[in-house]
Structure formats: C-alpha cells, structure tokens
Amino acid sequence: MSSEDLAEIPQLQKLSIPHGFQNKEAASSPTPSITLSQVPDLQPGSQLFTEIHLAKIEKMFEEDINSTGALGMDAFIKAMKKVLSSVSDEMLKELFLKVDSDCEGFVTWQKYVDYMMREFQGKEDMRKSQYRLHFYLPMTVVPLNHGCEVVKVVFLIHRFKKIGCFLTVTKDGILQFWSESFSLMSSFRLNQTQQLYNQPMWVIDMVCLHNMNLVAVASTRQKIDFFDISDHKCVRAFTFVDLDSCALVMDYWSDYHRGVFCYGDAKGNVIVFTSENMTSGLFNPRILPRASKWDHWIKVSLQKLLNEKSALHRSYRLKALHPNWCEQVKFIPQMNVVVSCSAIEKSSLVLTILPAKASKKPRLSVLRLRKGILCFDYCPDRNFLVTGGYDAFIRLWNPFVSKRPVWLMKGHQTSVTHILVDSRNNSILISVSKDKNIRVWDMLDYICLQSFCGKFFALGNCPITSAYFFEKDNTLICSTYSIGILKGYLEAQGLIKARKRTTHCSPLCAVLYSKIFKQVVSGCLRGTVSVWEVVTGRKTMEFAVSGGQHVEMTAMALDESERCLLTGLRDGTMKMWNYNIGKCLLTFPSPEQLEISGIIHMNKVFYVTGWSKRITHFLFHKTKPVLLCYHWQTYHTEDILSMAKYRNQFLGTSSYSGDILFWNTGTLKPIFNFNASRSPSPLQPKRVQDVNNCLAESHRPSRPYVEREKWTYKTSRKLSSLSPESVANTNLRRSLVSAPPVMRCPRDKEPDRPVPQQKPSSASGTSRQSSKIHSKQSIYKEDETRKGEWQKNMLVQSSASVEKIIFLQTRPHLPHTAALLSSCMDGYIYAWSLHENGGLLGKFPVDLDNGDVVVGAMATDKNDWILITGDCKGYIKIWDIKDYCALIDKQPFQSSGAKVVSEAHNKFRLLIPQQLGTNFPHYIPLEDKEERLA
C-alpha cells in the first residue's frame, strides 16, 4: 500500500464521523421478535413523546446513568420500564437500537431527545412531501338546462355500499341526483306539491342527513322541509314550521349513533338539536309533535320542539348570537363545539361549547375581526380554525386563543367565500374568492401551491355559489349556473388518470430488508428513500438523500448491523444514514465525482465502486478519529455495473465489457477474470496501464490501455501432468463458449458464427479423440492455434455487458460447482465455478420466446435452492436451482443446511411450474457422465 494511495482525512467536522464507528464492532445484538403491535410510532401525543413522559424519562436518565453518563441496553430497558411499564422488552430493545444507530453500545439523554425530535420532524416532512395536491386544467363544465344558479352541492354516501351520488339543488327548487362521474340520474321539483298564492319557493340552503336518507331544504317561506330520498326518490317526510326567521345556513353531523343538527337564521340566531339515538330520536316522524292533526304530512312546530323536554333529544336556542346574518354554521365533533360566523366585528366567530349534561348550559367563546368572517373550516390535525372574509386574507386561529391569528396567508384580491380543508390530510387547504380565484395552500409551509384565475373557467360572470371537495377522486366541484369539475392528483403518485397508485414517483433503485427492525427500505432514482413495516405495510419514514440538488440515486446498501443505510448518487456522493429518522451520519469524500454502482459494508470496511472502474474502500482508524481511504488498482477496462460479496472474504465485480473479476479482499487484487465472450475458463486478470503511457504512440480516443494478451488462460498445473481424458475435457470446455442456448453436451451441434474448427464429438468418440494426442508438442501446438483464433474472434465480436452478479453463499468453490450467477445483456444467466479449474458450467435463457429480456435483479433463499429474478419487462420469476451445476464427488451438491432443512420446508419450490425450472443441459464431467450412462 503506497503512501500516494493511502489518504488520511482528519476533517471531522466535514465528515461528521460517528464516534461509535471508530473503534467498535458493528453491534450485532440479538434480533428481537417484534409482533404486529410492538413497532413504536413516535408521533406527538403518543406515549413515548408526551411532555409528562419526557420529564420522567429525563429524571430516570439522571438517576440510572453509570460513570460514563450513559445507559447500556439492559440498563436502558430496566430504566424505561419504570416509566413505560406497558411497553414490551422487545419494543424497548428495538428503540434502543434505533437510538444507538452509531453502534456505540450506549444511549445518553441527549441522543434520546435528538432521536425523538428528528423522528418527529421526519414524519412531518414525509407527510408534507408525499401529499401535495395539484389540480390540472381544463375544468370540465356540466351545463344545466334551468335558469337559476345551483345553491348547494353535496355528496351522499351509502353506509354499506362503496358508491354514492351527488345531489344538487337550484334556487328555484330543482333537486337532481348525479353519479360519481356526473351523469344525471334523476330530477325532482321540490315545490310542485304546494303553491301558496303563486308565491315561488326560493331555496337558500340544503343539507344531507346521510344516515337517515333525508335531505333538509331551507327556503324563503321560513320553513325547513325534510324529504325522503330513499331509492333515489323525493317524498316530503315532515316540515319544521314556526321559525323565527329564514334559515340561511344548516349543518348536520352523525356517527350513526349520535347526531347534531344546527342552523343559523337571518336574525343571527343559532338553533342546535342533539340526539344520542338518531333512529328513534329527533327525526322519527312518529314522535314529532304535529302542528295540526289534519295535515296530510307532518308539520312540526319548532317552538313546541324547543320548549318541550324529551329524553330522546336536547335542544339549544342561542338568540341573537350574531347581530347580523349567519354566514356559516358547523358542528366540530373533535371539540364538541358548534361554530358559527357572521360578517360583523362584534361577534365575527362564536364557538358554542355543548355541555356534557342536560342540566348545564352551553359556554361561548367569541372571536372578533374588524370586517367579520364569511367562511371557515377546521383542521383537526393541527387544531386550527381557518377563516376567510371580506379583507381577502386567510387566517389560521387557535380555537381557544381569540385575540390574534396564528398565521396570515395573503394571495386573494377579493373576498374569500369558501374554505375547504382536506380531511384525509389536513395540510391541504382550498380557498375560493368572489372573483372565482381558486387557490391550493400548504398549511405546513404556509405557501400557495397553485392558483387558478377565474377567466380559465367557463362558469359565467357570477361568483361561485357552492364548492365541494370530493376526496375519493381528488376532485373539486364548483357551481354557478353550471357545474364545474376540476380534476386533481397527488404529486407523489402522478396523475390520477392512470388509476394506479405507486409507492414511488420514479423507477426504483433498490429494495432492502432489515431483519433487525423487520422493515423494508426502498429507494427510487429520484433520491427518495421510504421505510416500510413488513407486517402492516405502513410507511414509517420518507426522506430525500440528494437534498435540493435532485441528483439521481444509483446504489443502496445496509451496513453490517442493518441499522444504517448507505446511499450512492450519480455524482459520486456517498452517505450513511440513520434511516429510521432520516438523519445523515456521515458523508464520504468523493474526489472523482463519478457514478456509484455498488456499495458493500464487510468486516468494518466500506467498499465502493462504479464508473471509476476500480474499487475504493474506506475504514476508520483503530485509535484515531480519522477515515482512511484507499483506491485499488484498476483491472476493469469499462464501467463497473455490479458488485457482490462472497463469504465475507471475497468480492465480485462485473463491468460493461463483460468481465467478471473475483477479488481477494486480503490482497486487494483479483484472483480470476471470467468473460463468457472470451473463454469458458478462468482468465488471468491483467492490470490496466495508465493511459498517459500510450498517448504518444496512438491517436485513438483517450481510454484505458489494456495489455495485449488479456485473454490468457490460467492453469495451475503443467500440461505434461494432464491425463488424455482431462486434456480432452479442457478442449471441449473451450469450444463451448458460444453454445446456444445453454452449455451444450458433446452431442450439440456447432454454432453458425465463426469459432475454431473442430469436429463434433460424442461421449463414445471422446476417447478416440483423446487417443490421437501423443505428446506435449501437439498439445502446445493446438493450444497456440486455438489462442490465435480466439484473438481473431475478439476483434469482430462485441462483449455482452454483465448487468448483475450474485454469489451462492452455501456453495463451495469447487471445479464442478457453480457458486456465481451472472446476468448478461444477451438475455442469459450464466453459472460459474470459482475454482481455478472451474469456469463456465452452464447458462439458461431468462425468456424462451424473447431474447431481449435482461435480468436486473437477482436474489436467492438462504439455502440457495431458489433463484428469484426481476427483468426489464417487469416480470418476477422463481427458478429451481437446487441441483443446477452442483456436483461434488460425482454426487449432486447439497448445502450444509440441507441436512437440517427438508424440501418440505422450502415452500417456494412448490410454486415453480415445471417449465420454469432450470432443467437446461449444463456441463457434466465426462467421467461422471459415463458412469451415469453405465
């Protein structure tokens, strides 16, 4: 190791080296068995994150810390049990490993708080990034045939059905039913049953009582009519009469047990009805008091209903709550509060807190604003009331702090008439102003995501009268004299038109599994990493590894402890993360700034490779807090595409040129070079010379120079010691390099493309051929002839790049046992022996019908019986490779675990159809074949 290649990097502040990685083993604590409900969800309000518990835990740390000021795993679990007695030991073990991500073996109070805060911030950032609502133009307009504006648009969902329908009502009393795609289903005129003195009925508001199949309609007749809309019919059920004034706004809420109906009128009164049993309670026509016994439908006197006491319902009359008209009223179940607003300063917004007992009176909380409030909505996740009014500002209020708003968002030019908060994700806010300006806001960052000018919508010149956000399809429905439909999609999912939901917004880079946390870590090319719980499928964390630069991520790997994530980017940046909280622990130096294609952490050493065409490893100094970096010698002539490890001692790298190098990490040099387009036998690796040495002699494009005889075979024994049968086997192996579609038997025909001329041979003819070889001179002569023809073919043939390699860890490196599988661009998977007398033993096509299918991902089970491949067409295939190219002492190879694990335990083998098994011909030693034939 030369002094030029070895570099010490003591810049600790820039590298941020975790102390636990300097001189400690990567902790491999016993993997706890985590059940479904034991994975900690550290969100605000959870047991592990409340202020009271944090204070107790801090006190516990002060009492139980040792002389070093920290707690080990056992001490941490014992101490935490004092505060969180209901939490299992397995859960606390997992929490300890997550907090101690740098493998120091202990946890301090500062590390614990830092972990909690970073996880909380990470979850907030994840929610913000994964749910950004975007609408796209044009707006679809549904024309209506009547001449009045639509007063209200609501959606009626059926409790036991997956579908529902939209309801619209116009000012002149036309009620229409629409499908979810806004196809007209039925239409009714509400005032056709009664015309008093030819006075028209002007509808003011409508609300849907979804659990009762009723619709309440308020009109200028100072009535509230309730219509039965079962089976898409419209039959008048009963009517509230004797109102003090016209009901202007209404609201209804029910959880199918309790129900709250409230309305506000033109005098500023607010009337509230509550019932604990809606089926037999308030809206049961048989128990409602009639105004007259001669009525052919039930007329309910509101004054009698308010004055009488009933065990089935309670009523509250709040007289002159507002000195002016009520603009909106809504019941908020999270706070058990009825909120109403008016466009006046004295009582702009009033919160009526309903009492728990009937004997008590409701309490009021008043919010004042100079120009009043026209509309509002509630954000339960952040406990905000969002208001809009004449001053065109959107304000966020704490419901119990009425002096000043928490935040002010500007953007509208005219008065805000509608406010909508997405109930699925409370960070999304939609606002509509009088000039038909529609804006989408992010309440986490308090920024406007989108703004649409009213001139883009063909809704006429009048303001928008009603707005409804349909969460199922992310659709905003607005109404004037027509109905406008604005389609939306989630930014993290892509356009909703595709009708598909994906986990990432770009193609995947890698998917990893952490056995210690029972989590799946996935990353996409865009640089977004997501962490998933295996049992529940829930996403627990999401973060970006490239920051604001949006550099493509090209490699991912877990460290040996499986507690940290290693990522590599196209610009050569490599980082180590605590993926449970999205915290960057270490940034590795990248002087070359070339794409990283492979990362491996083995024996406390970080191995990195890629377009640099060589391996670079990093390790921490044993005693000093410095990071050591060493660049290996270059043996690849093209970019390295894949890297894998074998038994924690060897590495394998594959390149675009088709070379597969088998490295010894102890000597930092390759042992063999495999290349299917050059030779079926192991080749002697040759170091690439510096390009500067040959620039003066050649005018070719600047690229690494390779020594001429780079195809040379490596033989560990003298040819004179070879038996005639072994010599024949060697000659046969060298002629099988291009045998389609797999390694052929001696009976296979010669290929069409140019190869060294050789007569076909069979099992019986092999002995006759070997008997013609009489001396060493004929052997050397034949070898030299074959060598020359190989060089000639090298000039006219193109090498197939090796996209992926994988080692079969349970298989030994023996001559007739394949321990390495490689996927090439020609659509084949090649099986290689890692022995000096081994090499290419077999190959099989990924797709029998299409030769363009290339495998980009491979994995095996723990016994190496099953191979799982993922190809460029999106197919995942399972292959049976238990007995493929596995011969030891003339018997099929079985792994060391095969004696204990029976085939019945390998459930995957039962899933493999017969045609998908790797039952292709492969190389068998001739002596073994003769014995089998005998």
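**Figure 1. Salt bridge between E533 and R538 in the predicted model.** In this predicted model, E533 and R538 are joined through their side chains by a salt bridge with an N to O distance of 2.9 Å. The two partners fall into separate accessibility classes: E533 has a relative accessibility of 6% and therefore counts as buried, whereas R538, at 31%, counts as partly exposed. Elsewhere, E552, R570 and E595 belong to one network, connected by salt bridges that share partners. The search of the whole structure finds 15 salt bridges.

**Figure 2. Salt bridge between K98 and E94 within helix 4.** The closest N and O atoms of K98 and E94 are 3.4 Å apart, and the two residues form a salt bridge. Both residues belong to helix 4 (residues 89-99), where a spacing of four residues places them about one turn of the helix apart. Side chains of opposite charge can pair when their charged atoms come close. K98 counts as buried because its relative accessibility is 3%, under the limit of 20%. E94 likewise counts as buried, with a relative accessibility of 0%.

**Figure 3. Salt bridge between R395 and D391.** A salt bridge links R395 to D391, with 2.6 Å between the closest N and O atoms. Both of these residues, R395 and D391, are buried.

**Figure 4. Cis peptide bond between L137 and P138.** The peptide bond that joins L137 and P138 is cis, with omega at about 5 degrees. P138 is located in the loop that runs between strand 2 (133-135) and strand 3 (140-142).

**Figure 5. Positive phi values at Y256 and N336.** Although Y256 is not a glycine, its phi is positive, at about 75 degrees. Y256 sits in the loop between strand 12 (247-254) and strand 13 (259-265). With a relative accessible area of 26%, Y256 is partly exposed. N336, also a residue other than glycine, has a positive phi near 55 degrees. The loop that holds N336 connects strand 17 (328-332) and strand 18 (337-341).

**Figure 6. Hairpin of strand 42 and strand 43.** Strand 42 (residues 616-620) pairs with strand 43 in the antiparallel sense, over five bridges. The two strands, 42 and 43, form a hairpin, and six residues lie between them. One of the bridge partnerships is that of H617 with Y630 of strand 43. Strand 43 (residues 627-631) is mostly covered, five of its five residues being buried. In a regular strand the side chains alternate between the two faces of the sheet. In strand 43, L627, C629 and H631 point one way, L628 and Y630 point the other way, and all are buried.

**Figure 7. Surroundings of M80 in the largest nonpolar core.** The largest nonpolar core has 41 residues, of which F76, M80, Y112 and L565 touch the most other members. When neighbours within four places in sequence are left aside, M80 is in contact with I57, M60, L92, L95 and Y112. Another core lies apart from this one and has 25 residues, including I224, F238, Y252 and F283.

Definitions and conventions
Residues numbered from 1 in each chain as written. Predicted model: local features only at pLDDT ≥ 70, side-chain atom pairs only at ≥ 80, totals over all residues. Heavy atoms only, no water. Salt bridge = Lys/Arg side-chain N within 4 Å of Asp/Glu carboxyl O. Buried < 20%, exposed > 50% of the residue type's maximum accessible area, 1.4 Å probe, protein only. Pairing = 2+ DSSP bridges. Core = buried A, V, L, I, M, F, W, Y, C linked by side-chain atoms within 4.5 Å. Contact = heavy atoms within 4.5 Å.
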